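Here are some exercises to work through with the structure open beside you. Try each task on your own, then go through the solution step by step.

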Amino acid sequence: MMRMLDEGAVEYDRVGKGDAGSTSEGAVVSRAPSIPARPSFPLTLGCALVVWAVAAALFFVTYHPGQSRIPDSLQSGVYEFELLEDARQGDFGFSALARIHHAGKSYDVRILYEGFERFMARERVTAQASFSDFSDASDMRYAQQGVVASARLDDVALAPDQGPLAILSSLRKKACAAFDSIEGKGSALLRALTAGDRLNLEEDGLYEDMKALGLAHIVAVSGSHLSVVAALVSALLTRLGCSKRLLSLTLCFFYAFYAVFTGLSAPVLRAAVMASVVVLSIWAKRRSHALSALGACVCVLIALHPENALSLSFFLSAASTLGVIVFSPLFSFWMEKLCSGRARALCDAFALTFAASLPILPATVAVFSRLPLLSPLANLIAAPVFTVFLTGGLLALGLHAVAPAAGSAALAILARGADVFCAGAEAAARLSWSCIPVAGDMLAVGFIVACVAGLLWARWPDPSAKALRLGLCFVLAGGVAYLAVVPYAAKDEVVMLDVGQGDAFLIRSEGASLLVDTGNQEQKLLSALARHGVSSLDGVAISHHDDDHCGCLGVLSANIAGDVLLSSETFVCGCDDCVQLLSAARDAVGDGRVRGVSAGDTVRVGKFTCTVVWPYSFEEEGGNADSLCLLVSFDAQADGSPESSVLLTGDAEAAQVRSMMDEACIGAVEVFKAGHHGSKAGVDEGFAERTGAQVVLISAGQGNRYGHPSKEALSEFEGSGAEVFRTDTQGDVTCRFEGDRVSVFAQKP
């Protein structure tokens, strides 16, 4: 029988064969899941979109690159600063965003100070400050956050009056200190979850593992994380008889407490607001009411702080919340059909993850440049586990406040459990294909996602279980085919990837690939690999330990199918830099897959043979002069007589290049990679003639502070008649080998 339910939903009853149309004892009744009602589009949500667009447009209309934004009233002097986030330690001291209340106005600035004390969010400090504008490369990024200046602080000290949040800051600092005596990744994870302090989160690659599994939003605390956790907790406690409305209020109070305890940072506040909208939607009879509340929240938050319209974290919170409200019931309905009504809790969890992920896909592609294929499963497993860690950690901290010994023991036990989770996350993150590089323009991907979401909302499809299973099989088969076929579709080529001020060269042929150096900007590297359809690497060679050559090694852990190659001298050098490089390589692929190579060793990459031609021994403890250099020979006929060659030199300079060419008996090469990013020391008189290169590749970042490439290098190479290609002006540069011919293509003409 069929009967109409609320809001047009339809429920089907299939009655037992022996008693058709009856529900008497003995009849078998099976109810198919009913399609949820499609929400209406509320006016407030439309207004929110208009407000968002107007605020973003006003920024770009009023922003003038290179124009100072420092208010005239901010002159060098003594000021009081309220930190808006925890200070982070870098190579040049501590830095954080802070707020100044001066002359009746408030200004956000980026503070930098040296010293040994790390100040936390909402603490107030006094200091002698001098203000300066940001560099051209970072000015727009800070302008989008409403930050007006960079402030260099001296004589920094805690202000005598810490304001109304003094007790909170003190309690939070004590909570963070409770983790100081507990070592391991589990302690770092608990510290980030419970106190919002990410001090040790990036140590040992923990944060990279989370990003590779699509769990960065959980660690960073976002609206989607809190919404998913709330939904799972709600489902579990509702089954135990807890009222949903009482639970929703309890969760909202928890969000408020958590936001206050973690320092009232803007991202956490926005996440708490958005998650509360989802949780309180249980009070509404229709989801359109929840959408109205979401629209009102967006309007208020942008009105209070217009820079929210350009904030990535604000977009992630609002968009993921929108996805959860609108699409999670539909996706849950599909999942139940797909599973024939079984495992409803799992279906709901998967649906929430997919619904939260769909609207933020443009940011995932354009900003993070990676697609975590294990994300749905990882979120399903992690959400309840993180709930235990979060609630258990907060309770243990409360116990620590009244009974330090017992609290420390409870935290240590939780940390050991978190260690197990981190070990599992590390193993999963290193599985092949767990995460693949992706690339795309945010506007283009956003347009596609908007079209898909609009089509889903307009059609509100009710496919059959068979159609869902066929569609799922088609998507999976298409993805597997793409990942398997794309590497073999590539030509024989050496690609200089645009990774900013750093080196990264891709060698590939006949489905095999070797990456030489990684740069130190992960988004640029992943985007470049995605542009060339590279999702798996057969090996990675690192020329030397400078960060701009190996800084992204850990990011590639899930994509390296083979070994990491280092100069054999690295293993016996013993200097701190070489030890760190070895540690990073072992963290990325494991101890057994880090291999040393020496002068004369070869590595085959399809039709290319990569021969190590330098160093013969270390002269600078693995520094520039000791760069691992490769002569890449192309043998089209496989007859042992190469038609063309490329010399990759890392940061080696003129003296080392001349020595290696003489000792390895290297004649003229067709393509030469300029050493040390085209620096002055990389060339001398007659250098270009010695290499004989027709094509010179220079990898350098746009507007870099080193002035690379130098005028001397450009003059030397161009004067010899060689054609010079540069990443700073031309992006990726591809050298394609076809017989005895080398064709060169630049990303930017």
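**Exercise 1.** Find out how strands β15 and β16 run relative to each other, parallel or antiparallel, and place them in their sheet.

*Solution.* Start with the pair: β15 (residues 537-541) and β16 (residues 560-567) run parallel, joined by four bridges. For a landmark, look at Ala541, which sits opposite Leu565 of β16. This is a predicted model, by the way.

Next, zoom out to the open sheet of eight strands, ordered β17-β16-β15-β14-β13-β12-β25-β26 with mixed pairing. β17 (594-597) and β26 are at the edges; each has a single partner strand, so one side of each has no neighbour in the sheet. Going from one strand to the next, the twist averages 20°.

Finally, add a helix: α21 (residues 576-589) lies across β16 and β17, and runs at about 170° to β16.

**Exercise 2.** Decide whether Val744 is buried, partly exposed or exposed, and list what touches Val744.

*Solution.* First locate the residue: Val744 belongs to strand β26 (residues 741-746). As we just saw, β26 is an edge strand with a single partner.

Then check accessibility. Val744 comes out at 23% relative accessibility, so it counts as partly exposed.

Now the contacts. With neighbours within four places in sequence set aside, Val744 is in contact with Val695, Phe725, Val733, Thr734 and Cys735. Take Val733 from that list: it is 11 residues away from Val744 along the chain, and their C-alpha atoms are separated by 7.0 Å.

**Exercise 3.** Work out which strands stand at the edges of the seven-stranded sheet, and which helices pack on this sheet.

*Solution.* Begin with the order of this open sheet, β18-β19-β20-β21-β22-β23-β24, where the pairing is mixed. The edge strands are β18 (602-605) and β24 (723-726), each pairing on one side only. On average, neighbouring strands here are turned by 20° against each other, direction ignored.

Zoom in on one pair: β22 (residues 671-673) and β23 (residues 695-698) run parallel and share three bridges. Val671 has Val695 in β23 as its bridge partner.

Now for the helices. α22 (residues 654-663) packs on the sheet and touches β19 (608-614), β20 (629-634), β21 (644-648) and β22, with its direction at about 115° to that of β19. Helix α24 (residues 711-719) packs on the sheet too, touching β22, β23 and β24; its direction makes about 140° with that of β24.

**Exercise 4.** Work out how many disulfides the model has, and why Cys573 is not bonded to Cys575.

*Solution.* Use the cut-off first: a disulfide needs two cysteine sulfur atoms within 2.5 Å. The closest cysteine sulfur to that of Cys573 is in Cys575, 3.5 Å away, and therefore too far for a bond. Cys578 is in no disulfide either, since its nearest cysteine sulfur, that of Cys575, is also 3.5 Å away. The count for the model is zero disulfides.

For the surroundings, compare accessibility: Cys573 is partly exposed at 26%, while Cys578 is buried with a relative accessible area of 1%.

**Exercise 5.** Check whether the span of helix α12 agrees or disagrees with its number of residues.

*Solution.* Helix α12 (residues 344-357) has 14 residues, and at 1.5 Å a residue it should span 20 Å. Its end C-alpha atoms are 20 Å apart, which agrees. Buried residues in α12 include Cys347, Phe350, Leu352 and Thr353.

**Exercise 6.** Identify which residues touch the most other members of the largest nonpolar core, then follow Leu215.

*Solution.* This core has 50 residues, and those touching the most other members are Leu189, Met210, Leu215, Val219, Phe386, Phe389 and Phe421. Among the helices that each supply at least two residues are α4 (185-195), α5 (206-212), α14 (375-402) and α15 (404-429).

Now follow Leu215: not counting residues up to four places away in sequence, Leu215 touches Met210, Ala378, Asn379, Ala382 and Phe421. Another core, of 38 residues, lies apart from the largest one, with Met274, Ile302, Ile325 and Ala453 among its members. As a general note, nonpolar side chains tend to be buried together in soluble globular proteins.

Methods
Residues are numbered from 1 along each chain as its sequence is written. This is a predicted model: local features need pLDDT of at least 70, side-chain atom pairs count only at pLDDT 80 or more; totals for chains, interfaces and linings use all residues. Side-chain values use heavy atoms; hydrogens and water are left out. Buried means under 20% relative accessible area, exposed over 50%, partly exposed in between (1.4 Å probe, protein chains only). Two strands pair if DSSP finds at least two bridges between them. Axes are lines fitted to C-alpha atoms, for helices over the stretch in contact, and angles run from 0 to 180 degrees between N-to-C directions. Contact means heavy atoms within 4.5 Å. The expected span of a helix is 1.5 Å times one less than its number of residues. A nonpolar core is a set of buried Ala, Val, Leu, Ile, Met, Phe, Trp, Tyr and Cys residues joined through side-chain atoms within 4.5 Å.
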